[in-house]
Amino acid sequence: IKNLIIFGTRPEAIKMAPLVKEFLKYPDDFDTKVCITAQHREMLDQVLDFFEISPDFDLDLMKPNQNLYSLTADIITNLKPVLEEFQPDYVYVHGDTTTTMAASLASFYAGAQVCHIEAGLRTFNMQSPFPEEMNRSVTGVISNIHFAPTTTSMDNLLRENKKKESIVITGNTVIDALLFSVNKVNSSEFSDAEVAQLISLLDNNKRLILVTGHRRENHGQGFINICEALKQIALEHPDTQIVYPVHLNPNVQKPVYELLADIPNISLIAPLSYPSFVWLMEKSYLIITDSGGVQEEAPSLGKPVLVMRDTTERPEAVDAGTVVLVGTNRTKIVAEASKLLNSTEAYEQMGKLHNPYGDGKACARIVNHIQEMNS
Ligand code: UDP
């Protein structure tokens, strides 16, 4: 059976890496190759290094100021020779990026079976120009097999009349990646210059609040509110240290550095590689983020998460109580953070809740399903 696993951004690489590793355990059953579009470049390469994956095809498509029109066209055009050369039986795409959508369409043209990992997430908000909901919906229409992380995502697919037999609930592969990574960064052989820098930055007498934010929907007033809330938390809780790896997008950099650079217990640092980020998540007391992946990872480490978004395609975490949606409202962010900083009871209760996103065996379930279909 010929498998082609295609991805392009850092979050996709993190969530597809354990699947690549799982397929490679069965060389007698599968000829598995990896193709990266490199929609992100440096951040993607760091993840590949850490998971020791070397791609078989690298389309190297990242361009300065890339836009959705040319990126989509480039992905489809550049995948054609790869698909024609390798002729995969199955193509695996992940999530909701432009790579996901364009690669699934190209794979359909090539006659491959398209498998969507992390299928069925929906915000029900097709808001142009943000492409994610369109990307995941289009990919859902094209895909032959939907590997849904949860029952909620399966129900979304059933409501769209996808056949029940085409949906498999697996849990999210991000937990597989996280458990592998926690093990690796805590092993005695692991040494990393970035982690060494973090050790010297952290004040062990203070509780660590880890912050990340990058979403386009928060650019502008959203980030100004976020920064004001962080400033207030830092001033009202001098026993905390806020560590914020600041995304490179100028719409994020500008308000963050203007509003937060001079506060003694806020440390603004460069974006972290995935292993140091995992290391830092484990050391943190509380996480404040607008990231999707972090919401899924943190509960497995027992860390409460405040999510700076108004809508989410991940309602399971809100229902399970492992995350709280605070939007970009300053008062709400400060109030929820203060609650978790002031009440040990509220904190401990949130930290010990069950992670709705899985148990770290998602990839084994995916591989198993493909094996069974072909036995
Ligand atoms: N992450 C990282 N370094 C950082 C911030 C996040 O490696 O400085 C990781 C994080 O552990 C998660 C993924 O990147 O697995 C999330 O990516 P991002 O927030 O960019 O995208 P989203 O999940 O919102 O699609």
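This report describes the domain layout, the ligand shell and the setting of T312 in a predicted model.

**Domains**

The protein is divided into two parts: domain 1 covers 2-171 + 360-373, and domain 2 covers 191-351. Their C-alpha centres are 28 Å apart. To the contact between them, domain 1 gives 17 residues and domain 2 gives 13 residues.

**Ligand shell**

The ligand is surrounded by 15 residues, and the closest of these are L272, S291, G292, G293 and E297. By character, the shell divides into 7 nonpolar, 5 polar and 3 charged residues. Because domain 1 and domain 2 both give residues to this shell, the ligand lies between them.

Polar contacts between oxygen atoms of the ligand and the protein are listed below.

| Residue | Part of the residue in the contact | Distance to a ligand oxygen atom |
|---|---|---|
| H214 | N or O atom in the side chain | 3.2 Å |
| S291 | N or O atom in the side chain | 2.8 Å |
| G293 | polar backbone atom | 2.7 Å |

On its own the ligand has 540 Å² of accessible area, of which the protein covers 90%. Three elements give two or more residues to the shell: α1 (10-24), α11 (274-283) and α12 (292-297). The largest share comes from α12, with 4 residues. S291 and G293, both in the table, are also among the residues closest to the ligand.

**T312**

T312 is placed in a loop, with β12 (305-307) on one side and α13 (315-320) on the other. Is this residue buried or exposed? T312 has a relative accessibility of 15%, and the limit for a buried residue is under 20%, so T312 counts as buried.

The side chain of T312 makes a polar contact with the backbone nitrogen of R314, at a distance of 2.8 Å. Which residues does T312 contact when neighbours within four places in sequence are left aside? They are R122, T123, Q295, V318 and L325.

Some of these partners can be placed in the elements and domains named above. V318 falls within α13 (315-320), and Q295 falls within α12 (292-297). R122 and T123 fall within the 2-171 segment of domain 1, whereas T312 itself falls within domain 2 (191-351). The contacts of T312 with R122 and T123 therefore join residues of domain 2 and domain 1.

Conventions:
Residues numbered from 1 in each chain as written. Predicted model: local features only at pLDDT ≥ 70, side-chain atom pairs only at ≥ 80, totals over all residues. Heavy atoms only, no water. Near = heavy atom within 4 Å. Polar contact = N/O pair within 3.5 Å; in protein donor to acceptor, adjacent residues only side chain to side chain. Areas by Shrake-Rupley, 256 points an atom, 1.4 Å probe, with all protein chains shown as cover. Nonpolar A, V, L, I, M, F, W, Y, C, P; charged D, E, K, R; others polar. Domains from an automatic or database assignment. Buried < 20%, exposed > 50% of the residue type's maximum accessible area, 1.4 Å probe, protein only. Contact = heavy atoms within 4.5 Å.
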